[in-house]
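Work through these exercises with the model at hand. Try each task before reading its solution.

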Amino acid sequence: MSDYKRPSWDNYFLEVMHALAKRATCDRGRTACVIVKNNQIIVSGYVGSPPGFPHCDDVGHMIKTVTHNDGTQTTHCMRTLHAEQNAICQAAKCGISIDGGTIYCKISPCRACAMLLISCGIKRVVSEYKYQMASEGEEMMRAAGIQIDYIHDEVYTYDKKD
C-alpha cells in the first residue's frame with residue numbers, strides 16, 4: 001500500500017491554477033484562474049493583454065494611480081485583462097456556460113470582476129489570498145449568495161510595484 005495521499009479537489013484545482021499563472025504576461029502578479037463545474041475544468045484564464053496587443057513583459061507596464069474615497073492611493077497596471085475577465089471571455093467565445101460554477105483564483109476578485117462573476121452565475125470562489133481592495137467585491141459576492149473560501153487570510157502583495 002502506498003502512503004500517497006491524493007490532493008483534495010480544491011488543492012488540485014489550485015495547483016492547476018498555479019501552472020496556468022506561468023502563462024501570465026504581467027509580472028506584477030502572474031495570476032490565473034480556473035472555472036470548474038462538477039469537478040471538471042471548463043475554462044481558464046490568466047493575466048494578459050487582449051489578443052494582438054503588446055504585453056507588459058514585452059513593452060512594460062501601463063501604470064495608473066487610483067485615488068480612493070478615503071484618500072489612499074494604489075497603483076494598477078491597466079495594460080492587461082484580469083484572469084477572471086479572460087476566463088469569462090474564453091467561455092463566451094466557446095459558448096460555454098459558467099452558471100453554477102466555482103472559480104479558483106490566486107487573488108480574490110476585484111469589484112469589477114466580482115460584478116462579472118455575479119452576472120455569470122458563479123456560485124463559489126476559492127481564493128488563495130485576498131486582494132488589496134477585496135472588500136467591495138467580497139461584499140457584493142456575499143450579498144449575491146456566492147460562497148467565498150480563502151486558503152490564506154493574508155492580503156496578497158505584489159512582487160513588483162512598477
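**Exercise 1: strand pairing**

In E2, the residue Ser44 is the bridge partner of Val34. The model is a predicted one. How do E1 and E2 run, and how many bridges join them?

Solution.
- Strands of a sheet pair through backbone hydrogen bonds, either parallel or antiparallel.
- E1 and E2 run antiparallel, and six bridges join them.

**Exercise 2: the sheet**

Give the strand order of the open sheet, then find its edge strands.

Solution.
- The sheet has five strands in the order E2-E1-E5-E6-E7, and its pairing is mixed.
- E2 and E7 (147–150) pair on one side only, so they are the edge strands.
- On average, neighbouring strands of this sheet are turned by 20 degrees against each other, direction ignored.
- Helix H3 (residues 83–94) packs on the sheet and touches E1, E2 and E5. The direction of H3 makes about 125 degrees with that of E2.

**Exercise 3: helix H1**

Check the length of H1 (residues 9–21) against the expected span. Then ask: which residues of H1 are buried, and what covers them?

Solution.
- H1 has 13 residues; at 1.5 Å a residue, they should span 18 Å. The end C-alpha atoms of H1 are 18 Å apart, which agrees.
- Buried means under 20% relative accessible area. In H1, Phe13, Leu14, Met17 and Ala21 are buried.
- Seen down the axis of H1, these buried residues fall within an arc of 105 degrees, so they line one face of the helix.
- An α-helix has 3.6 residues a turn, so residues three or four places apart point the same way.
- The cover over the buried residues of H1 includes strands E1 (32–37), E2 (40–46), E5 (102–107) and E6 (124–129).

Terms used:
Residues numbered from 1 in each chain as written. Predicted model: local features only at pLDDT ≥ 70, side-chain atom pairs only at ≥ 80, totals over all residues. Heavy atoms only, no water. Helix = DSSP H or I, 4+ residues; strand = E, 2+ residues; numbered from the N terminus. Expected span 1.5 Å × (residues − 1). Buried < 20%, exposed > 50% of the residue type's maximum accessible area, 1.4 Å probe, protein only. Arc of directions from axis to C-beta. Contact = heavy atoms within 4.5 Å. Pairing = 2+ DSSP bridges. Axes fitted to C-alpha atoms, helices over the stretch in contact; angles between N-to-C directions.
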